[in-house]
Amino acid sequence: MTKREISEIKDLLKSPKKIVIVPHKNPDGDAMGSTLGLYHYLKLFNHDATIIAPNDYPDFLKWLPGDEFVLKYDTDKTKADELILNAELVFTLDFNALHRTGDMETVLFEAKGVKILIDHHQQPDNYAKYIYSDVTMCSTAQMIYHFIEMLGDVKTINSDISTCLYTGIMTDTGSFRFRSTTSTTHRVIANLIDNGADNAQIHNNVYDTNSYNKLQLLGCALSNLKLISDSNTAYITLSQKELNTFDYKKGDTEGVVNYALSLSGVKFAVIFIENKSEGIIKISLRSKGNFDVNTFAREHFNGGGHINASGGRSELSLKKTVEKFISILPTYKNDLKS
Ligand code: 5GP
Ligand code: MN
């Protein structure tokens, strides 16, 4: 973002504005941490801000400060449409293309307010007047910290902002262990702790509130784990029947793919999760090193994301999807061997 753009945004934010903040569909910790962090910041300056999430998010994020004010598009469409169409400013956070908001795409496209995109995914679309895109960033939450910093307001970061941004950074970095975690990330985190993020409590809230069924489902996923050692690849499947057996709740499969990636020597890990109500297989892809799962997801599974973490979907059956995956893998054998 240029100095001129920052000063234009500063001007826009000088007087209270009607603002809408939007994360992607099926919001994760970074999507909610970054939108709520920005929300608490804007509230300090008396803006009339509302977060509108395309749909609900997992219970392990429901303790975040401000959670009770988040509107969900799928259950509050009339009110949400009105807010979006009347907004003077629309922040879109943690996604790179309007279709990532599902059913909100049309109304966001129609919205006349000034759009500001803040995101760390590859290849952002050009729908916003202001684009703060940095694919080297570990999380959108860290970008919100830098955004506040660029606006000259780092001193206003209070404990609610700190708690939300800490949560976003923590969840998108796998608790500060992915390659995208830099010394700057740790400095930002240190400042957030100094300003009131209770780090031990946040880890507990997000990671130590598992249900018995969630752990049993993890056990099922691990027993379905397959290793294709000549391609250094591992994959997991979960059928709708298995999800039902363990009373699957949103968020229960988050992070499960990382167990496949933790296998010694594995460079590429995938989880295929059947979703009968949407008639799709949801696919999460992870890699280590230079194997680019953003490109892989874009080319084969109608998705995208980052080099080491991406998502996609398939409209084939679970069995056929896995067969397709196994059949294209040999093309990448050399990339996965080195
Ligand atoms: P996950 O596997 O956790 O759903 O997604 C991994 C990463 O890829 C996240 O950063 C997510 O936002 C991104 N992602 C997931 N699905 C898609 C998709 O269909 N398109 C794009 N562009 N990114 C995706
Ligand atoms: Mn993110």
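1. A quick definition before we start: a polar contact here is a pair of N or O atoms within 3.5 Å. Keep in mind, too, that this is a predicted model.

2. With that cut-off in hand, look at ligand 1. One of its oxygen atoms sits 3.2 Å from an N or O atom in the side chain of K282. For the side chain of R286, the distance from a ligand oxygen to an N or O atom is 2.9 Å. G311 joins in through its backbone: a polar atom there is 3.4 Å from an oxygen of ligand 1.

3. Zooming out a little, ligand 1 has 13 residues around it. The closest are R100, H121, S284, R286 and G304.

4. Next, the sheet. It is open, has six strands and mixed pairing, and reads β7-β8-β9-β10-β12-β11 in order. β7 (226-228) and β11 (304-305) are the edge strands; each has a single partner, so one side of each lacks a neighbour in the sheet.

5. Inside that sheet, β8 (residues 233-238) and β9 (residues 268-275) run parallel and are joined by six bridges. One to find on screen: L238 pairs with I273 of β9.

6. Helix α12 (residues 293-301) lies across β9, β10 (280-287), β11 and β12 (309-314), and it runs at about 10° to β12.

7. Finally, a helix pair. The axes of α5 (residues 140-150) and α6 (residues 159-172) come within 7 Å and cross at roughly 140°, which makes α5 oblique to α6. On the α5 side the contact uses A141, Q142, I144, Y145 and I148, and on the α6 side I161, L165, G168 and I169. Seven of these residues are nonpolar, two are polar and none is charged.

Methods: Residues numbered from 1 in each chain as written. Chains lettered and ligands numbered in written order. Predicted model: local features only at pLDDT ≥ 70, side-chain atom pairs only at ≥ 80, totals over all residues. Heavy atoms only, no water. Axes fitted to C-alpha atoms, helices over the stretch in contact; angles between N-to-C directions. Helix = DSSP H or I, 4+ residues; strand = E, 2+ residues; numbered from the N terminus. Parallel < 35°, antiparallel > 145°, perpendicular 65-115°, else oblique. Contact = heavy atoms within 4.5 Å. Nonpolar A, V, L, I, M, F, W, Y, C, P; charged D, E, K, R; others polar. Pairing = 2+ DSSP bridges. Near = heavy atom within 4 Å. Polar contact = N/O pair within 3.5 Å; in protein donor to acceptor, adjacent residues only side chain to side chain.
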